[in-house]
Amino acid sequence: MNMLFLQELFNNITQRDALLRRRQPETLTPDHRQLVKACQTLLESDGEASSIALASRALAIYQRLSAAEKSSFFARLMTDFAAEPGPIDTAYTAYQEARDNPTLQRLFEACEPRRQELFRRLNLARDGTFELVKMREDLLGLLREQPELTAIDDDFAHLFGSWFNRGFLMLKRIDWNTPASILEKIIRYEAVHEIQDWDDLRRRLDARDRRCFAFFHPAIGDEPLIFVEVALHKGLPSRIQPILAGESSPSKKGFDDAEDADTAAFFGISNCQTGLRGISFGNFLIKQVVQELSQELPQLKYFVTLSPVPGFAQWLQEQRDDEQLPEPLRKSLNALETPGWHQDKASEELLKAAIRPLAARYLVDEKNRHGLPLNPVARFHLGNGAELHRINWLGDISDKGLKQAAGLMVNYLYVLDDIERNHENYTAKATVACSNEVRDLARRARKLAKGETTK
């Protein structure tokens, strides 16, 4: 049978159903009870064509629910669409007696919450995958106040982990010829360094010394999942402002085009879909972009990030408030309270001597309750097999950079021959791969913490 014909038939059914819904007057705002009933009907359906139409109707009802009604719907998902204890007990008893693969499979099936099959069927609708991603985004917004809904989030994460498997992701280069609808989304989703306007975006897509790549998924069309911005350089960049201004810092050395670069610097990685939080894309993205750039520009020697250090300023303040730092060191840090301190040479030098070692301690030694680095950006890059290579003083002197990290930025270096070893050591032992320079700074921080002077 012609599969293209069937796909077109199902699409026509869905489109016709959507058209009929738009023509019908919507005099009443639906409530969660109507949606629960629609979901139960969907689960009882045994025809694919009818399931597509029913899934489309259910998602349309969900989209029209108020925030309170959505919360009530999630509560009903917890109770009405959970796994049934009776079938689980029966399947477990059968498995205890037989202990074979067929009874184990029936046990697995009995333990699966009905919600998962519901989500699979909702996914049949046109744009169903993206609608479910947005549904999970709504759910994530409720978890802080309603942690009992975590089981539903686990179901979403389980399914999304398969649906957004690396094998389904498509890497595309974003440039000035990319459709405007996608470029608008790049502007909107940029989460690290805000894109000010179209001119700013064009500078970041300059074919001479910039690259931008994004992952897309065939089920959600032109909605990017994650994208990375790259600056081509001679040498490792240490400051973000020249990059954002479109300046090629090595231009004085004759940097005319991409072929003159020896370094690819990843300066912005933005996740676009809140509903896909926790689904890993970044590690695949960086590794594939490294491969793409290596093929395009074989002269590149270094692949490095220019990364922010969110949370460092807060950690530093906590150390001061708890008096964990020696009094002379705490006093020297008081200069941070002076507006424009980074423009005063004396204050800047005094703080540099104190803060860079403390930043090394924060990134190398400070751990969370899981025994991993406290800083989330460090966890991401170290987990990908990068090396904590350099701590850049006044790498970001924007208001945001000064507020979140006292102006610090970090280079994480991806050495192709070391990535797997670093990743394995980090995964098995939480080992932080770092350069000798960073290691020396961490040692200096330990001496400072004991009140010892350093040179």
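This report describes strand 3, its partner strands and the largest pocket in a predicted model.

## Basis of the model

Local features rest on pLDDT of at least 70 and side-chain atom pairs on pLDDT 80 or more, while totals for chains, interfaces and linings use all residues. Residues are numbered from 1 along each chain as its sequence is written, and side-chain values use heavy atoms, without hydrogens and water.

## Strand 3 and its neighbours

Strand 3 covers residues 226–233, strands being DSSP runs (E, at least two residues) and helices likewise (H or I, at least four), numbered from the N terminus. Eight of its eight residues are buried (under 20% relative accessible area, with a 1.4 Å probe and protein chains only). In a regular strand, side chains alternate between the two faces of the sheet. Here Ile 226, Val 228, Val 230 and Leu 232 are buried on one side, and Phe 227, Glu 229, Ala 231 and His 233 on the other.

Strand 3 pairs antiparallel with strand 2 (residues 210–216) over six bridges, pairing requiring at least two DSSP bridges, and Ala 231 is the bridge partner of Arg 210. Strand 4 (residues 263–271) also runs antiparallel to strand 3, joined by eight bridges, with Gly 268 opposite Glu 229.

## The largest pocket

The largest pocket holds about 790 Å³ and is lined by 29 residues, among which Ile 226, Ile 269, Asn 271, Pro 376 and Phe 380 lie nearest its centre. A pocket is an open set of points on a 1 Å grid over the protein atoms alone, where a 1.4 Å probe fits, with protein on both sides within 12 Å along at least five of seven lines; lining residues have an atom within 4 Å of a point. Strand 4 gives the largest share of this lining, five residues.

Methods. Buried < 20%, exposed > 50% of the residue type's maximum accessible area, 1.4 Å probe, protein only. Points joined across faces, edges and corners; volume = space filled by probe spheres on them.
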